[in-house]
Amino acid sequence: MTFRFAYATACGLVLAGLVHIATVLAIPRLSESDALSRAGSSESLDHPLPIYTLATGENPAPAEAWLPAPDPSVAVGVCAYDLDDGPTRVSARTGPLALSLAVHGRRGAFYAVTDQAAVRGALDLVVLTRAQYDAALANDDENEPSRDVRIVAPERQGFVVVRVIAGLPSQRPAANAAVQAVSCTIDSTDEDAPAKPNG
């Protein structure tokens with residue numbers, strides 16, 4: 001009797017543990033309010049969707065920011081992309097404030113770069129699938145090599161997080177403006193086709 005009770009208890013604990021682990025692992029895939037889903041509303045914009053705007057005297061920081069504990073010195077924006085629409089180009093002009101771009105998929109960040117990598121004050125990041133990357137290489141002019149930073153994404157959907165640091169309170173308006181000045185467009189692997197707004 002004692003053996004059967006112990007065996008049933010052990011089986012119940014193992015089953016409960018497996019159900020718990022499966023539930024925890026399934027939450028990111030089943031959640032409708034994960035970062036990728038929230039970022040999706042920026043897909044139709046040609047600039048980052050503000051996620052956290054710094055307080056600037058008359059304008060307090062927004063309460064609706066979906067960062068759990070935002071840094072009061074960092075302005076944040078996000079550009080969602082879907083590579084089925086074409087390669088995504090994120091362009092930023094560098095300035096006196098530190099700027100960084102981080103590319104995320106559903107499983108987390110897979111590439112990050114700062115303004116220190118800019119060439120002549122410009123930072124151009126192009127996120128592509130492997131096929132789009134191969135097509136872009138085929139279209140490259142040997143006499144004029146591309147200055148783009150090309151990243152092959154592990155998934156077709158994702159988002160780019162733009163962060164600009166304001167070291168002083170007087171720099172907060174410039175940090176907010178720098179986030180909005182970043183361009184997010186759908187690029188083309190064909191040299192003759194112009195880029196169009198994302199979405």
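## Ala131 and helix α3

In this predicted model, Ala131 is part of helix α3, which spans residues 130–139. Ala131 is exposed, because its relative accessible area is 57% and the exposed class begins over 50%. The C-alpha atom of Ala131 is 9.2 Å from that of Val152, although the two residues are 21 positions apart along the chain.

## Arg150 and strand β7

Strand β7 covers residues 149–152 and includes Arg150. The relative accessibility of Arg150 is 22%, so Arg150 is classed as partly exposed, the range between the buried limit of 20% and the exposed limit of 50%.

Beyond its neighbours within four places in sequence, Arg150 touches Val126, Leu128, Tyr133, Ala136, Leu137 and Asp140. With Asp140 there is a polar contact between side chains, at 2.8 Å. Tyr133 lies 17 residues from Arg150 along the chain, with 7.5 Å between their C-alpha atoms.

## Overall fold

The protein contains 4 helices and 10 strands. In sequence order, these elements run α-α-β-β-β-β-β-β-α-β-β-α-β-β.

Of the 199 residues in the protein, 31% are buried. Among contacts with a separation of 6 or more, 72% are between residues 24 or more positions apart.

## The largest nonpolar core

The largest nonpolar core consists of 33 residues. Those with the most contacts inside this core are Tyr81, Leu99, Leu101, Val103, Leu125, Val160 and Ala175. Two or more residues come from each of β1 (49–52), β2 (74–82), β3, β4 (99–105), β6 (122–128), β8 (157–165) and α4 (172–181). The element that gives the most is β2, with 7 residues.

Two of the residues with the most contacts inside the core, Leu101 and Val160, can be followed further. Val160 belongs to strand β8. Val160 counts as buried because its relative accessible area is 0%, and the buried class is under 20%. Apart from neighbours within four places in sequence, Val160 is in contact with Gly77, Val78, Cys79, Tyr81, Val90, Leu101, Ala102 and Val103. One of these partners, Val90, is 70 residues away along the chain, with a C-alpha separation of 8.2 Å. Leu101, with the same neighbours left aside, contacts Val90, Tyr111, Ala112, Val113, Leu123, Leu125, Val160, Val161 and Val162.

## Polar side chains on strand β3

Strand β3 runs over residues 88–93 and holds Arg89. A relative accessibility of 17% is why Arg89 counts as buried. The side chain of Arg89 makes polar contacts with two aspartate side chains: Asp148 at 2.8 Å and Asp187 at 2.7 Å. Leaving out neighbours within four places in sequence, the contacts of Arg89 are Asp124, Leu125, Val126, Asp148, Ser183, Cys184, Thr185 and Asp187.

Ser91 is also placed in β3. Its relative accessibility is 19%, so Ser91 is buried, the limit for that class being under 20%. A polar contact of 2.4 Å joins the side chains of Ser91 and Asp124. Outside the four-place window in sequence, Ser91 is in contact with Leu123, Asp124, Ala181, Val182 and Ser183. Asp124 therefore appears in the contact lists of both Arg89 and Ser91.

## The second largest pocket

The second largest pocket encloses about 220 Å³ of space. Its lining is made of 16 residues, and those nearest the centre are Ala92, Arg93, Thr94, Ala178 and Ala181. By class, the lining residues are 11 nonpolar, 3 polar and 2 charged.

At least two lining residues come from each of β3, β6 and α4. These three elements also each give two or more residues to the largest nonpolar core. Ala181, one of the residues nearest the pocket centre, is in contact with Ser91.

## Arg120 in the β5–β6 loop

Arg120 sits in the loop between β5 (108–114) and β6. Its relative accessible area is 68%, so Arg120 is exposed. Phi of Arg120 is near 55°, a positive value in a residue that is not glycine. Most residues other than glycine have a negative phi.

Technical notes
Residues are numbered from 1 along each chain as its sequence is written. This is a predicted model: local features need pLDDT of at least 70, side-chain atom pairs count only at pLDDT 80 or more; totals for chains, interfaces and linings use all residues. Side-chain values use heavy atoms; hydrogens and water are left out. Buried means under 20% relative accessible area, exposed over 50%, partly exposed in between (1.4 Å probe, protein chains only). A polar contact is a pair of N or O atoms within 3.5 Å; within protein, one must be able to donate a hydrogen and the other to accept it, and residues adjacent in sequence count only if both atoms are side-chain atoms. Contact means heavy atoms within 4.5 Å. A nonpolar core is a set of buried Ala, Val, Leu, Ile, Met, Phe, Trp, Tyr and Cys residues joined through side-chain atoms within 4.5 Å. On a 1 Å grid over the protein atoms alone, a cavity is a set of points where a 1.4 Å probe fits but cannot get out, and a pocket is an open set with protein on both sides within 12 Å along at least five of seven lines; lining residues have an atom within 4 Å of a point. Grid points are joined across faces, edges and corners, and a volume is the space filled by probe spheres set on the points. Ala, Val, Leu, Ile, Met, Phe, Trp, Tyr, Cys and Pro count as nonpolar, Asp, Glu, Lys and Arg as charged, and the others, Gly among them, as polar.
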